[in-house]
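Please find below my notes on this two-chain model, set out as numbered points. They should be read alongside the coordinates.

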Amino acid sequence: MPVTNPQAVIRGERLAVTRALTQVENNSREGYKLLEELFPHTGRAHLIGVTGAPGTGKSTLVNQLAYAYRHSVEGNSPPRIAVVAVDPTSPFSGGALLGDRVRMVDLAGDPGVFVRSMASRGSLGGLAGTTAGLVQVFDAAGFEIIIIETVGAGQAEVDIASLAHTTIVVEAPGLGDDIQTIKAGILEIADILVVNKSDKPGADHTLRALRNMLALAHPLPEDVQHHGTLSTAAPADIEPETGWTPPVLATTATTGEGFQELIAAIEEHRDYLKSAGEWQIREEKRLKNELEVLLRDALRAHWEEKIAPETYQETLGKVIRRQITPWRAVDILLEGARL
Amino acid sequence: MVNPQKKIRVLIAKAGLDGHDRGAKVVARALRDAGMEVIYTGLRQTPEMIAEAALQEDVQVVGLSILSGAHMTLVPKVVDLLQNAGMENVKLFLGGIIPDEDKPELEKLGVTGIYGPGTSTQNIIEDIQKACQ
């Protein structure tokens with residue numbers, strides 16, 4: 001495959017963009033060279049992560065959110081939007097069925113929108129190994145908003161929080177009791193919590209449970225009736241840890257209900273990040289994380305080149321026969337590679 | 001860079017107005033099990049939507065499922081639009097109820113494979129793998 005012209009990508013030419021995405025996704029040498037050229041042009045887009053359990057309506061929400069961005073901002077021209085939608089790769093066949101586009105038909109025919117599906121290709125954590133690279137391509141191509149939809153996430157697929165500026169966690173009514181809301185993991189990474197399918201029974205309960213959970217973590221001044229006069233009592237003994245309390249919003253993605261509020265919350269969060277200096281902190285964290293992932297992959301590839309396959313098989317055999325422990329085996333394999 | 005990965009990417013699209021997508025889903029599933037990355041578009045796609053999705057997803061293969069009998073109008077449009085988008089190297093496969101007398105013309109248009117009811121998915125898999133070599 002010839003190297004894609006980086007200038008054409010930066011100009012946002014769609015064929016160049018799509019070829020660049022493929023080269024980056026395939027971890028090819030061309031893709032690597034391309035990212036070198038594109039990197040100085042990145043760092044401008046607002047990266048919005050959308051995560052949540054399977055079936056909460058993430059893809060439909062992304063469809064509505066992108067549509068709302070394209071159609072409701074009055075006055076100035078609407079932002080150009082890229083969507084990266086990740087679905088799981090089968091651990092058995094290596095194949096994948098990427099079905100997120102099925103929910104995104106409202107975005108078809110809009111030249112200001114670009115939807116790309118990607119398979120997780122063995123990566124855990126809810127994203128693919130090259131998702132960050134794809135985001136760089138879109139960023140360089142001038143997309144102002146990049147929405148990243150993770151695979152249907154369980155409780156601990158939290159990689160999105162180190163990639164996105166604003167992370168939206170999508171819940172739906174009827175998915176577990178209050179105790180789920182105080183477990184560690186996915187709810188902790190939310191900058192905005194959305195209860196989607198809010199027209200379904202039980203939505204009120206889910207909204208309430210999430211708000212109560214947040215009240216434990218971010219105590220708010222409460223309005224209290226004291227001897228008949230309304231006064232505001234701030235919780236005195238607990239200091240709020242950050243200046244941002246995640247809002248809990250209700251949406252119905254099939255009808256578009258609640259999306260103006262969602263966009264308003266996203267913009268408020270962006271303004272907060274910028275004014276509090278958090279934007280810069282998140283950028284630094286994001287790049288550090290990206291560097292560490294790349295370094296880890298490169299070290300492993302370097303090790304795989306150095307280690308003799310027979311040494312690996314022999315050591316593995318010893319572990320399976322319980323002659324040595326897995327920890328000892330790691331020592332042997334690292335020594336054997338002489339990095 | 002580190003370990004290059006290349007997968008066959010296939011777009012499976014239901015073109016036109018018929019609402020029967022069982023065949024398309026069976027094929028999508030079989031291709032997935034053969035290790036391909038299958039992007040499924042859902043029902044009632046226009047030729048414009050199919051060409052746009054093929055471009056955005058940068059697929060090597062488009063599989064069209066047409067049961068409505070409108071293949072002689074839909075296929076030429078898809079071929080044209082793919083060419084206009086710069087995606088002229090995409091291999092086009094067609095599944096559905098396609099009368100024998102239409103096949104020569106469709107093949108002339110550049111359709112790589114045509115499959116009727118009862119085709120074994122193994123055939124389709126092998127043809128796609130061969131076309132993508």
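In which sense, and over how many bridges, do strand 2 and strand 4 of chain A pair?

1. Strand 2 and strand 4 (residues 113–119) of chain A pair in the parallel sense, over seven bridges, where two strands count as paired if DSSP finds at least two bridges between them. Helices (H or I, at least four residues) and strands (E, at least two) are DSSP runs numbered from the N terminus. Within this pairing, D87(A) stands opposite A119(A) of strand 4.

2. The model is predicted, so local features need pLDDT of at least 70 and side-chain atom pairs count only at pLDDT 80 or more, whereas totals for chains, interfaces and linings use all residues. Residues are numbered from 1 along each chain as its sequence is written, and chains are lettered from A and ligands numbered from 1 in the order in which they are written.

3. Strand 2 of chain A also pairs in the parallel sense with strand 5 (residues 145–149) of chain A, over five bridges, and there V83(A) has I147(A) as its bridge partner. The wider arrangement is an open sheet of seven strands of chain A in the order 4-2-5-1-6-7-10, with parallel pairing. Strand 4 and strand 10 (248–250) stand at the edges with a single partner strand each, so one side of each has no neighbour in the sheet. From one strand to the next the twist averages 20°, taken between axes that are lines fitted to C-alpha atoms, with angles running from 0 to 180 degrees between N-to-C directions. At the strand 10 edge, three bridges join that strand to strand 7 (residues 192–195) of chain A, with L249(A) as the bridge partner of V194(A).

4. Strand 2 (residues 81–87) of chain A is mostly covered, with seven of its seven residues buried; buried means that 20 or more other C-beta atoms, placed from the backbone, lie within 10 Å of the residue's own. In a regular strand the side chains alternate between the two faces of the sheet. Here I81(A), V83(A), A85(A) and D87(A) point one way, and A82(A), V84(A) and V86(A) the other way.

5. Helix 2 (residues 14–25) of chain A is mostly covered as well, with ten of its twelve residues buried. The cover of these buried residues includes helix 3 (29–38) and strand 4 of chain A, together with helix 2 of chain B. After this helix comes N27(A), whose phi is positive, near 60°.

6. Between the chains, 30 residues of chain B are in contact with 33 residues of chain A, contact being C-beta atoms, placed from the backbone, within 7 Å. Helix 2 (47–57) of chain B is among the elements that give two or more residues to this side of chain B, and the largest share, seven residues, comes from that helix. In addition, three bridges join strand 3 (residues 96–98) of chain A to strand 2 of chain B, which run parallel, and A96(A) has E37(B) as its bridge partner.

7. As for confidence, chain A averages a pLDDT of 86, with 87% of the residues scoring at least 70, on the predictor's per-residue scale from 0 to 100. Among the elements of chain A, strand 5 has the highest mean (97) and strand 9 (residues 229–233) the lowest (51). Over residues 233–240 of chain A pLDDT stays under 50. Where pLDDT is low, the predicted coordinates should not be read in detail.

Methods. Contact = placed C-beta atoms within 7 Å.
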